[in-house]
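User: I am new to this structure and would like to know what stands behind the terms used for it. Please take me through the reasoning.

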Amino acid sequence: MTIVRGEPDATQNPVSVTEATAEVPGVLPEALTGFIGYLLRRVFAQFTTYADGPEDSRDFLVLDALTGGDWVSQLDLAERLGINRTIMVGVIDRLESRGQVLRTRNPDNRRQYILSLTDRGRAAVETGRRAVAERDARLTAALSAEQVGRLNTLLARLLPEGSQELVQGTEHLVEQAHHRLRRLGDEKLAGTGLRVRHYGPLSVLAASGPCPQQRLARELAITGPATSQLVDELVEGGMVVRGRDPHDRRRHALELTELGHARLKEVAEAVDLLAADVAELLGPGGEDELRALLVQLLEPAHPGVSEAAGRLV
């Protein structure tokens, strides 16, 4: 599962510009299109290509969550929204500076802050909700209203139970679900030095044999710089070597090492475990239904993805 672009909330680590702009239109690797996590990642990337999106969706998420009343723990709200605590401090500082949120010490626990929505914050929520609805309508134009409702219901099932009612709007649900699945997958690989994003290049190289880096980028439908970053990680980890292309001795080709084949089995097991978790969260029939909706959103930019995903079910 090639999950190259992410963000600090999902992994607790900074993400480079290279990762943030990795995905490109094109034919997707068929072997990956059966995974909800991979399709969700591609939809998330597709949504973020719209230049007119909100500057920071976390601001709206926090404001919207506070419409239900004061929140007695800033840390608890951050955890419920999947925002790491350092990022959350910056969000609240920004909202407070705009006069949209009031932050006061909790008299029952001086280490906690109570968050309250101001009148200016409520006005921002109303404006934000209209903007979110308009943007969602554009992003999901390939779906009927009934399908969008179903998509939102299924995406909410992928969020932690305590946060499902806090996240509204298709784009925000896609974002939060993507980050959670990425985090869950990487947690299954804790201590190995591997990430879920390594599954795509390792599996392609295992199937293709010696493979030029340009071809790997094309088969993964990601940019050259993003491919280079992934390959550097795999080479540094001893999983891939740069040899000579047997068809053109003037250029390099990538090949899995014996260690690379062994590590592929590890990351594949984690991907399968994550897929099982997803199926359980979605319930009977939910996985097939969500897959169909995601590929319908992806089809315009990735021709053939519907057929590819259908063959793997």
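**Helix α5 and its buried side**

Analyst: In this predicted model, helix α5, residues 74-81, has Q74, L77, A78 and L81 as its buried residues. The arc they cover around the axis is only 100°, which puts them on the same side of α5.

User: What makes a residue of α5, such as L77, count as buried?

Analyst: The term applies to a relative accessible area under 20%. L77 is listed as buried, as are Q74, A78 and L81, so each of these falls under that cut-off.

User: What do the buried residues of α5 pack against?

Analyst: Their partners are the helices α4 (57-65), α6 (85-97) and α9 (170-187), together with the strands β1 (101-106) and β2 (109-117). After α5 comes G82, with a positive phi near 70°.

User: Why are α3 and α9 called oblique to each other?

Analyst: The axes of helix α3 (residues 36-48) and α9 cross at roughly 135° and come within 9 Å. Angles over 145 degrees would count as roughly antiparallel, and 65 to 115 as roughly perpendicular. The value of roughly 135° lies in neither range, so the pair is oblique. The crossing in which α3 passes α9 is left-handed.

User: Which residues of α3 and α9 meet?

Analyst: From α3 they are G37, L40, R41, V43, F44 and F47; from α9 they are T170, E171, V174, E175, A177, H178, H179 and L181. Sorted by class, this contact holds 7 nonpolar, 4 polar and 3 charged residues.

User: How do you know that α8 and α14 are oblique as well?

Analyst: The axes of helix α8 (residues 145-157) and helix α14 (residues 286-298) cross at roughly 125° and come within 10 Å. Roughly perpendicular ends at 115 degrees and roughly antiparallel needs over 145. The crossing at roughly 125° fits neither, and α8 and α14 are therefore oblique to each other. Their crossing is left-handed.

User: What makes up the contact between α8 and α14?

Analyst: On the α8 side are Q147, R150, L151, L154 and L155, and on the α14 side G286, E289, L290, L293, L294, Q296 and L297. The classes in this contact are 7 nonpolar, 3 polar and 2 charged.

User: How many helices and strands does the chain have, and what share of its residues is buried?

Analyst: The chain has 15 helices and 4 strands. Of its 313 residues, 48% are buried. Among contacts between residues at least 6 apart in sequence, 65% join residues at least 24 apart.

How values were computed: Residues are numbered from 1 along each chain as its sequence is written. This is a predicted model: local features need pLDDT of at least 70, side-chain atom pairs count only at pLDDT 80 or more; totals for chains, interfaces and linings use all residues. Side-chain values use heavy atoms; hydrogens and water are left out. Buried means under 20% relative accessible area, exposed over 50%, partly exposed in between (1.4 Å probe, protein chains only). Helices (H or I, at least four residues) and strands (E, at least two) are DSSP runs, numbered from the N terminus. The arc is that of the directions from the helix axis to the C-beta atoms. Contact means heavy atoms within 4.5 Å. Axes are lines fitted to C-alpha atoms, for helices over the stretch in contact, and angles run from 0 to 180 degrees between N-to-C directions. A crossing is left-handed if the near helix is turned anticlockwise from the far one by less than a right angle, and right-handed if clockwise. Ala, Val, Leu, Ile, Met, Phe, Trp, Tyr, Cys and Pro count as nonpolar, Asp, Glu, Lys and Arg as charged, and the others, Gly among them, as polar.
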